[in-house]
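Below is a note on how the chains of this model are arranged and how they meet. The points run from the symmetry to the individual interfaces.

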There are 6 protein chains.
Amino acid sequence: MNEKYVPTGISGVDEILAGKGIPKGHSILVSGGPGSGKTTFAIQFLYIGATKHNESGIYVTLDEEPNDIKKNMQKYGWDLTKLEEEKKLKFINVSPVRIAPSETGLIQIGMKEFRLIKLLEAIKQGIKEVNAKRVVVDPITIFTLQYPNDIERIYAMRDLLRDLRQLDTTNIMISELKGTGWEREHQFEEYLTQGVILLRTFLNNGRITRVFQAEKMRGLPIDNQPRPYDISSSGIEVYHEAVVYK
Amino acid sequence: MNEKYVPTGISGVDEILAGKGIPKGHSILVSGGPGSGKTTFAIQFLYIGATKHNESGIYVTLDEEPNDIKKNMQKYGWDLTKLEEEKKLKFINVSPVRIAPSETGLIQIGMKEFRLIKLLEAIKQGIKEVNAKRVVVDPITIFTLQYPNDIERIYAMRDLLRDLRQLDTTNIMISELKGTGWEREHQFEEYLTQGVILLRTFLNNGRITRVFQAEKMRGLPIDNQPRPYDISSSGIEVYHEAVVYK
Amino acid sequence: MNEKYVPTGISGVDEILAGKGIPKGHSILVSGGPGSGKTTFAIQFLYIGATKHNESGIYVTLDEEPNDIKKNMQKYGWDLTKLEEEKKLKFINVSPVRIAPSETGLIQIGMKEFRLIKLLEAIKQGIKEVNAKRVVVDPITIFTLQYPNDIERIYAMRDLLRDLRQLDTTNIMISELKGTGWEREHQFEEYLTQGVILLRTFLNNGRITRVFQAEKMRGLPIDNQPRPYDISSSGIEVYHEAVVYK
Amino acid sequence: MNEKYVPTGISGVDEILAGKGIPKGHSILVSGGPGSGKTTFAIQFLYIGATKHNESGIYVTLDEEPNDIKKNMQKYGWDLTKLEEEKKLKFINVSPVRIAPSETGLIQIGMKEFRLIKLLEAIKQGIKEVNAKRVVVDPITIFTLQYPNDIERIYAMRDLLRDLRQLDTTNIMISELKGTGWEREHQFEEYLTQGVILLRTFLNNGRITRVFQAEKMRGLPIDNQPRPYDISSSGIEVYHEAVVYK
Amino acid sequence: MNEKYVPTGISGVDEILAGKGIPKGHSILVSGGPGSGKTTFAIQFLYIGATKHNESGIYVTLDEEPNDIKKNMQKYGWDLTKLEEEKKLKFINVSPVRIAPSETGLIQIGMKEFRLIKLLEAIKQGIKEVNAKRVVVDPITIFTLQYPNDIERIYAMRDLLRDLRQLDTTNIMISELKGTGWEREHQFEEYLTQGVILLRTFLNNGRITRVFQAEKMRGLPIDNQPRPYDISSSGIEVYHEAVVYK
Amino acid sequence: MNEKYVPTGISGVDEILAGKGIPKGHSILVSGGPGSGKTTFAIQFLYIGATKHNESGIYVTLDEEPNDIKKNMQKYGWDLTKLEEEKKLKFINVSPVRIAPSETGLIQIGMKEFRLIKLLEAIKQGIKEVNAKRVVVDPITIFTLQYPNDIERIYAMRDLLRDLRQLDTTNIMISELKGTGWEREHQFEEYLTQGVILLRTFLNNGRITRVFQAEKMRGLPIDNQPRPYDISSSGIEVYHEAVVYK
């Protein structure tokens, strides 16, 4: 295994990433619409890391509850609870909880404002507990939206990324696409992260087509063409040699 | 009956939802334009639950008056008053009422501001009274619009969804689509709910076509293609095998 | 005559409304651009009510002066003054008047701000004077624009509609379309009223075509296809069987 | 001459206006882009009134100086100075003048803010001086822009129109189109005035085409089709039988 | 030479302007995107005035430094320094200079705010020094942007134009186009100036084409069709008989 | 070597820039989307300067850390560390650092606000240390975003450019494109800098194509046509004779 790259193990993705994966230590953005499989992509990244590459991972959720994520992932046959028991996976719930009965195995931050310091402390503690090499934050949108304007959001995001950079983990930041069109405004996060993967749907010859695109991956000569993908019973599958538009 | 899924019973819909229905305990968004049949869809969901699956339901209205909803639904031959008498259906009117002569059988909140706590208390009391398993909130837009900015709206919506999650009911949140185009901005609710169904109309070969689309349904491998639907004398009918664009 | 529906009597319109008309007691929105015939539509609704169905009506104007409306309608051969004399029609001018020499037969509210209470009092008094069954408010835009933000406008509009609902009249709210395109943002009034009729113009094969569309009519299975219409010497005529786009 | 209508006398325009012209006493909006001939249209309306129908007119300018207007109109061979001397035409300059050396024959209001009362006084005095039957205000945009928000602008415009209505003159309000597209947002003035004429340019088969359209004219069955027009050496000429798009 | 018109002398431009040029004493807007040749157009206008028509000119720069302009114009073989020495051309730098070491031959206003009075004084002094007949202000955008809202900007621009009108010079105001599309919002300056020339680029049959368009020129029957142009080694050349779109 | 121009040495670029390069002393904007190769372009400009033209350079980073940039550039075989040791290249990190353990060879400004003076001091000191002739600032967006409105941003950017102009270096300002469409709003920086190069991607015949365009280059007759480019193992390569759209 090449030490400088972290293979995603997701069907077709590493082929697009120069046959290698994500450069080790980088933070990449996975951005998509509702139902595009962002969470599936991220869990799959952690699951394969834990089961095939002996790399532990943490999943920092700012929205959905860990139990719901685990239940929804059952359809792929991934036993996440077992991974938790083996200390190969850890869910960290930093979403706001008003009444705060803490659950076992979950770090909870019982307040609405969980600005940078709180989020980083939760991540660092989680990494230490399972010796994590892979980190997911889902969705980063909830974090940045707390800041009152663009420049504050940019600084907060950059500070987060800079601190994560010190930890030497490889990180996926999930973001929510604002609109459905091919032409769009870039999100500022696309400029700050070291890689960008887009999961979108377009109407193509009368049918909705799921379209994967590696927009950016610093340090790697990637394939930036749009490629069709599916969400099958074994998770995300990217058809890295297929063409979307004919 | 599969205990993990709640069949909608609406023609063509469960077929699209992997042959199963809505995952039990989930909150899904039903979003559409004026006249798209959102209320019909939601009432049909409760009516079928009450008459075919022995599951009671509550209908929380933030806009239209219960008596008007009942009258408008008569064209489908659904006897909602009978269901109310049998304690299988309950309307809860949480729309603002300036002068507040309460009607029998209706919980009324006589004030313009009915923020989270009030709404939740009304829902919980309604669920307890009829032992409801199915909940409709129509429209959620009125609730979120009270908050002054996006981050407040997101937190309020998430808190509502999180509390509903504890109640183990299966919930439909009705939302009002902002525009008429195929390309559009996503509503933040689409990211927070566990499923999204879109009821839209498009001009297609010179005719208005009603288009149903299951955009997202966590935990289920759904058909996300656009499908034509009608509002007939028996309610919503989705042609789950038909193609919209040829 | 079916007691549950109020026929508009306008050529082609009742055919589109399930052969019946507007459900009695409902408020519907008639929305169109400049020169689309909104006022003609509304006056025709009152004129036919008064002359064919023995139902009196009131016309609440927030913009144009009653005398101008009457003069402009002369081209259709409708003798509105006679109807006024017979107490079958009443104009109520609630537009702001700085110097207030009241005219006979007109209720005048001599101030710029005529918020909900004032508007409702004027409507109620007008209804009482002629025992009106049909009400027109033209344009509702002037009323809602007084409120400082969306949520206030929504509440004001809903309160107005709710109070009108108690009066059991059948009401047309005229609204001004913001833009000219087929794809557009919905107006919030479209969600609050019980029916929506759109009067628009589109460039179609090099010619401007007038297009009627019943977007929504609660309680009725309507034809929601776009249909061509004209403004002829006898008023609005909708070609309910014709196709706009071929 | 039909007393109820004021013929514009502009080639092709009265034909489009049901063969008659503008209903007497009405205010119509003439809206167009830069270089569309709005001023030419308005001056032509006054010139023909004065020379062919013995109706005096006033030209209220909020932007360009009267001397410049007169000079620019020389290309059409219209001797406006002679009309001024014959008391058949009067220019009224209500544009802001910081240092106020008044010119002979011109009413000047030497301040930046010339709200409703000032504008009306200037108009009334001008009408009295030449016994005017036709009035032009150019551009109305400068007047309404002084008010801080939409509702204030609407009230100011309506108050102006209402007062003009009392004077029984026939009025042209010139407005500046915001954009160049066929699809556009309506200006609120289009709803308030009793008629709307659009003077636009579109790229049509590789050439810029000037397009005249009578969008609205209360009380008259008009031709609302787009028609080509030119600005020739004799002023505006509308080809009322020609088709723009083939 | 016709005394009422100022020929630009730029290849193809006077042909488009009715064979004459810019009406003497008028201010026209030259608006274009980055790299469209706005400065070249304006300098060429002054250069030809000075060398062919014995008319001196001043170039008021609000952005670029005079030395840079002179250097950039060398590629056209125009010796601007010689013209300066002959008192036929004068650069006036009114851009903000924090530390203000004044250069010989340049009037400098060493402050960030150079509102109307300052700008006018600089222009008047410059005109007096070289007895200028032609004036360029580049770009006017910097001047108007200082004002906090639209109505203030409109008044400031109009006051500037009105004062320039008194000086009887012929003036080019350079403005920066906001966007790249054919359909666009008009800039308010287009309504205030007496002429508008657009310098744009469009993608046409796979190639970028430079497109000249005389949108407006008061007092002149102009050709308003889009015409291709180039920036060659002798400056701007407009192909006044060529067609852009075929 | 022509002393008045600074060759970029990047394959195909100097050919497009009239066979010469960037005019010496000018500041040009290089603007592109995420993953478009902006940093590669700028580093290549410095690398070729240092290795082929004996011109030292500085790279002022407002976002990414120097070590990351160096690592990402390894794929091109450029030994930047060696250049640093030879005093031919210097990285200057002016991005905000909260905890400030300074690294050897790096100037660090440990505060969030690094307005004009700070940025200029850092640049000047860097230029002095390595006697730099080429300067890169990446991205300029972070600098201008600190200012609260457009006019402040314009002034700040112009002051920066004006001071850089005194230093006689040739400068690349990297900016982040806001959107993905061909039609777009111009950034104000495009008007202030002396040259603009756009690095974009478009969907062309079903494939993403990278498109280079020299939009503006003062003082040079450039080729402004869109040209395809690649990011290969030797950096940016522009196919200056190829056509993007056929």
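1. The model is a predicted one. Chain A can be laid on chain F by a turn of 60° with a shift of 0.1 Å along the axis, and the RMSD of that fit is 0.0 Å. The residue of chain A with its C-alpha nearest the axis is A:E183, at 9.9 Å. Of the contact residues of chain A, 3% recur in chain F, and the copies use different surfaces.

2. A second pair can be treated in the same manner. A turn of 60° and a shift of 0.0 Å along the axis lay chain B on chain C, with an RMSD of 0.0 Å. The two copies are thus related as by a six-fold rotation axis. In chain B, the closest approach to the rotation axis is made by B:E183, whose C-alpha is 10.0 Å from it.

3. Why do the copies B and C meet through different surfaces? Only 3% of the interface residues of chain B are also interface residues in chain C, so the surfaces that meet are different ones.

4. The interface of chain A and chain F brings 34 residues of chain A into contact with 37 residues of chain F. About 3200 Å² is buried between these two chains, and carbon and sulfur atoms give 47% of that area. Three residues, A:Y155, A:R162 and A:Y191, supply 22% of what chain A buries against chain F, which is more than any other three residues.

5. Polar links between chain A and chain F come next. There are 2 salt bridges between the two chains. One salt bridge joins A:R165 to F:D68, with 2.4 Å between the closest N and O atoms. The count of residue pairs in polar contact, both at pLDDT 80 or more, is 10.

6. Which elements of chain A each supply at least two residues of the side that touches chain F? They are α7 (150–167), α8 (189–192) and β9 (207–217). The largest share of that side comes from α7(A), with 9 residues. By residue class, the side of chain A that touches chain F has 15 charged, 11 nonpolar and 8 polar residues.

7. The interface of chain B and chain C takes 37 residues from chain B and 34 residues from chain C. The area buried between chain B and chain C is about 3200 Å², with 47% of it given by carbon and sulfur atoms.

8. Between chain B and chain C the rule finds 2 salt bridges. B:E64 and C:R218 form a salt bridge in which the closest N and O atoms are 2.8 Å apart. Polar contact is found across this interface for 11 residue pairs, both residues being at pLDDT 80 or more.

9. On the chain B side of that interface, α3 (66–73), β8 (195–204) and β9 (207–217) each supply at least two of the residues that touch chain C. The residues of this side divide into 13 polar, 13 charged and 11 nonpolar.

10. How far apart are the closest C-alpha atoms of chain B and chain D? They lie 15 Å apart, and no contact joins the two chains. Chain B and chain E are likewise without contact, their closest C-alpha atoms lying 20 Å apart.

Terms used. Residues are numbered from 1 along each chain as its sequence is written. Chains are lettered from A and ligands numbered from 1 in the order in which they are written. This is a predicted model: local features need pLDDT of at least 70, side-chain atom pairs count only at pLDDT 80 or more; totals for chains, interfaces and linings use all residues. Side-chain values use heavy atoms; hydrogens and water are left out. Copies are superposed by least squares on the C-alpha atoms of residues with pLDDT of at least 70 in both. Contact means heavy atoms within 4.5 Å. Buried area is the accessible area (1.4 Å probe) that two parts lose on being put together, summed over both. A salt bridge is a side-chain nitrogen of Lys or Arg within 4 Å of a carboxyl oxygen of Asp or Glu. A polar contact is a pair of N or O atoms within 3.5 Å; within protein, one must be able to donate a hydrogen and the other to accept it, and residues adjacent in sequence count only if both atoms are side-chain atoms. Helices (H or I, at least four residues) and strands (E, at least two) are DSSP runs, numbered from the N terminus. Ala, Val, Leu, Ile, Met, Phe, Trp, Tyr, Cys and Pro count as nonpolar, Asp, Glu, Lys and Arg as charged, and the others, Gly among them, as polar.
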